[in-house]
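Student: Please take one part of this model and give me a close look at it, then connect it to what surrounds it. I would like the cut-offs behind each term as we go.

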Amino acid sequence: MSSALDHKKVTTPVPGAGRGQGALASVLRLRELPVLIALAVLVLVTYLINPLFLTPQGVKDLLLNATIIIILAAGQTLLIITRNIDLSVGSMLGLVAFGTGSIFSSMPGIPIVAVFAIGMAFGAVLGAFNGILVTVAKVPALVITLGTLYVFRGLNNAWAGGKQFFAGDRPDAFGALSVDTVLGFPIITLLAIVVVLGVAVYMSGTRPGRDLYAIGSDPDAATAFGIKVSKRVFLAFLANGALAGLAGVLYASRFNSVGATTGTGMELTVVAAAVVGGVAIFGGSGSVAGAALGALLLTTITSSLTALRVDKFWQQAIVGVLILTAIIIDRVASLRTAKKLRISEARNV
Amino acid sequence: MSETTSPTSTAPTPVADSTKPLASEPKGRTGAARILTSRDAITVYALLAFLLYAAIAIPRFASPVTTGFLLLDVIPVLLIAMPMTLIIITGEIDLSVASTAGLTSALMGVLWASGMDIWLVLTTSLLAGVAAGMFNGLLIAVLGLPSLAVTIGTLALFRGLALVIIGDNAVANFPKPLTAFFTSKLGATGIPTVMIGVVLVMVFFGVLLHFTPFGRGLFAMGYSKEAASFVGIKVARSKFWLYVGSGAVSALAGIYWTLRYTSARSDNASGLELAVIAAVLLGGVSIFGGKGSIPGVIAGVLLIGTLNYALRLARVSDVVLITVTGLLLIFSVVAPSIGSAVKEWQHTRRVRRSFSQKAS
C-alpha cells in the first residue's frame, strides 16, 4: 500500500503560506469546506422541497442517526491520520452493545454511569489488543484488524448465540438518553459533540496530538525525530477502542435490540465517513471535525431521500459517488498545494 | 574506500563483521530448498496435513460428497482470489469485488426477467463486470488515486447500482438445464463440472504471474513503483488491466453465485471481499506488495474452506468458524514477524560472541 503515498506528502497546508491574504482565503482553503457546502446544499434543497424536513423532530432524528457514526469516525480519524486503520470497529461495537444488554439483564439496579465506564473499558481492552498486535508484530493494521474483525465477531456469536436483548430489558432512564433533548439537541448527540471537541483539541492543540500527524506524514522521519511512534499508535488504538465502546453503549440505548450481528458491516461506513470528511486515507492530513461532518453528511442522505420521496435504493449509489468525489477533490487540492509550494520555493531561492 | 576495495585473496578474513546488515547474511538456501521452505509452501503443507488429519479423524469427511460441497462453496472465493493476488502483489487492493459480483447478479436477473436470450444475458453481465473493472482502473491507474479509498467508494457505488437495478426483488426462474449444470458433478468423483472453468482461470492467472514478463513486472511494482517504471515497466497500464481482470472475474463469480443458488438478488456475495482478502493474505501474499504466489493462495483458500467444512462436519458450532478464520489470519502474519525477530536476536548474539572471541 506504499504506492499511493508518493503524492500525499505535500497535502498538509503549510501554516503561514497564505498569511496576509486575509481570513477569507484561509477559510476557502479549509479541507472541511466542500463537505460543509455539500451538507448545507443537501439540507437546503430538501427543506425547500419538503419543509417538514427541518421540524424540531426532523432535526433531532438527523442528529440521532449521525451520533454513533460520528463517535466511531472520531476514533477512526485518530488512526487514519497515523496511516493505520481499524476494520474491527463494527465487531467491537457489537460486542460492547451486547455486553451492555447483558449487564442490564443481570444487574438491573446498576447505575448508568457505571455501565458507560464498563463499556468504554471493555472497548479499550479490545482496542489495546489490536494496538499490541499492530505495534509489536509490525504488521499493517489493515491485516491485523481484518483478523480481529472476524475474531471479535466470532466471540460475539459464541457469547450471544441466538439471544437478543430488547428495549424492555433495560431501565427506562437508559433508553431516555436517546429520546430526551437539551436545547433541541438529543443527549447522546451532545455526548458525540463533546467527544469530537475533545479529540479535536487533542489533535490540534497538544504535542502528542500533533505527533500523530508527524507519524502519518512520514513514520521513519517521526522515529528519527524522537517521537515514540509505537506508543502513540498503541494509544490511538486504545482510544479508538474506548470510543467504539462508548458507541456500543449508546447503540444499546438508541436501538431496540442488540444481538450477535449488531454492528456488522459498520467499518466501511465509518472509514467512508472519514474519507468523505477529507481525512487522507494514507495519513498525515485531515481533521476530526471533517470526519464528523462526513458522518453527518452520509447519514443525512438517507433522511433526505425519504423526504424527497426518492427511491431508497439510490442511497448507496449516492454514497459511493460522494466518496469518489471526495477523494478526487482531495487529489486536486493536493496537486494545487504542491504547485503552490514549488512556486514559493522557487521564489525563496 | 581504499580499505574496503583491497583484494579479498590477501585480506585476512575478518573475525566479526558487525557492519554487515542482517539482510546480506547468506541465507544458505537455494533452488529447490528455497521453494520447499518458502512461506507459500508452508501453507500447502498446512493444507495437506489438515486434509490428512480430517480424513482420518473425522468420520464421513473423506467422501465425494465432501469434495463436491466443499468445492462448490469455495469457488467464488477461489475465483476472485486470483486477480486479487496479482493486485495485492503490486501493493494495491480491490475492495469492490463482491459489489461487482452483486451488480452482475442483479443485472442478470433483470435482463432475464425482461425476456432476453440467456446467452446474451450472460455476455452482457460479464461485460458489465469488465466495465466496472475499467472504471476502477481508470480512477486508480490513470488518475492516480489511492486504491483503498477508490474501491471503498466503488464498493458502495456498485452495490448501490445493483439495488437501483433490481431493488428488493429476486429473480429465480433461470433455465433448469443451466442451473442444473452449475451444481452437476464429474461422474463419481464429486468434483463439480464448473471446476474445469475455475481451473482454467487459476492456470491463466498462475501462468500470467509466474511465467510472463508482465507477471514479473507486477512483483517489481510491488517492491518499488519508481524503480519499476525506471526499468521500462508500464506501471499505469499494468494496473489498469489488473482491475479490468478483477472486474471480469468478479462478474464470473457473480454469474456462478446466481446460477448455483438460482437466485439473482442485489445482496448476493455481500461481504465476500473481506473473506477473499483474508484467504489471499493467509496464502502468503504480503499486504506491502512484492511477495506472493498463486499456488500459495489456492492453498490458503482451500485451507480456510476445508477447515470450516470439517469443523461443521465435526459438529463444532457455526459460531466458532469465523473466529478460526480470524485467528488463522492473525497467526499467519504475526508468526513470520516473530520469526524474523528471533533471527535478529540470533544475529546480534553471533556478532557479540565473535567480538568477545576477538577480544580474548
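Tutor: Let's start with Arg60(B), which is exposed at 54% relative accessibility; exposed means over 50% relative accessible area, buried under 20%, and partly exposed in between, with a 1.4 Å probe and protein chains only. Arg60(B) sits in the loop between α2 (39-57) and α3 (64-89) of chain B, and its phi is positive, near 70°, although the residue is not glycine. Helices here are DSSP runs of H or I with at least four residues, and strands are runs of E with at least two, numbered from the N terminus.

A word on the ground rules: this is a predicted model, in which local features need pLDDT of at least 70 and side-chain atom pairs count only at pLDDT 80 or more, while totals for chains, interfaces and linings use all residues. Residues are numbered from 1 along each chain as its sequence is written, chains are lettered from A and ligands numbered from 1 in the order in which they are written, and side-chain values use heavy atoms, with hydrogens and water left out.

Chain A offers a case to set beside Arg60(B). Lys138(A), also not a glycine, has a positive phi of about 55°. Lys138(A) is in the loop between α5 (112-137) and α6 of chain A, and with a relative accessible area of 58% Lys138(A) is exposed.

That loop leads us to α6(A), residues 141-160. This helix has 20 residues and reaches 27 Å from its first C-alpha to its last, close to the 28 Å expected at 1.5 Å a residue; the expected span is 1.5 Å times one less than the number of residues. Of those 20 residues, 17 are buried, so α6(A) is largely enclosed by the rest of the structure. After α6(A) comes Gly161(A), with a positive phi near 60°.

In chain B, the helix α6 holds Thr154(B), which is buried at 0% relative accessible area. Its side chain makes a polar contact of 2.9 Å with the side chain of Asn136(B). A polar contact is a pair of N or O atoms within 3.5 Å; within protein, one must be able to donate a hydrogen and the other to accept it, and residues adjacent in sequence count only if both atoms are side-chain atoms. Leaving out residues up to four places away in sequence, Thr154(B) touches Leu324(A), Ser96(B), Ser99(B), Phe135(B), Asn136(B) and Arg159(B), where contact means heavy atoms within 4.5 Å.

Leu324(A) in that list takes us to the interface. There, 46 residues of chain B are in contact with 44 residues of chain A. The area buried between the two chains is about 3800 Å², with carbon and sulfur atoms giving 80%; buried area is the accessible area (1.4 Å probe) that two parts lose on being put together, summed over both. Between chain B and chain A there are 4 residue pairs in polar contact, both at pLDDT 80 or more. On the side of chain B that touches chain A, the elements giving two or more residues are α5 (118-142), α6 (147-166), α10 (225-230), α12 (272-282) and α14 (318-359). Among these, α6(B) gives the most, with 14 residues. By class, this side has 30 nonpolar, 10 polar and 6 charged residues; Ala, Val, Leu, Ile, Met, Phe, Trp, Tyr, Cys and Pro count as nonpolar, Asp, Glu, Lys and Arg as charged, and the others, Gly among them, as polar.

Now the charged pairs. A salt bridge is a side-chain nitrogen of Lys or Arg within 4 Å of a carboxyl oxygen of Asp or Glu, and the whole structure has 7 over all chains. One of them joins the side chains of Asp211(A) and Arg232(A) (3.2 Å, N to O). Asp211(A) lies in α9 (207-217) and Arg232(A) in α11 of chain A, so this pair ties together parts 21 residues apart in sequence. Both partners are buried, Asp211(A) at 7% and Arg232(A) at 16%. The count between chain B and chain A is 1 salt bridge: Asp168(B) pairs with Lys312(A), the closest N and O atoms being 3.5 Å apart. Asp168(B) is exposed at 57%, and Lys312(A) is exposed at 54%.
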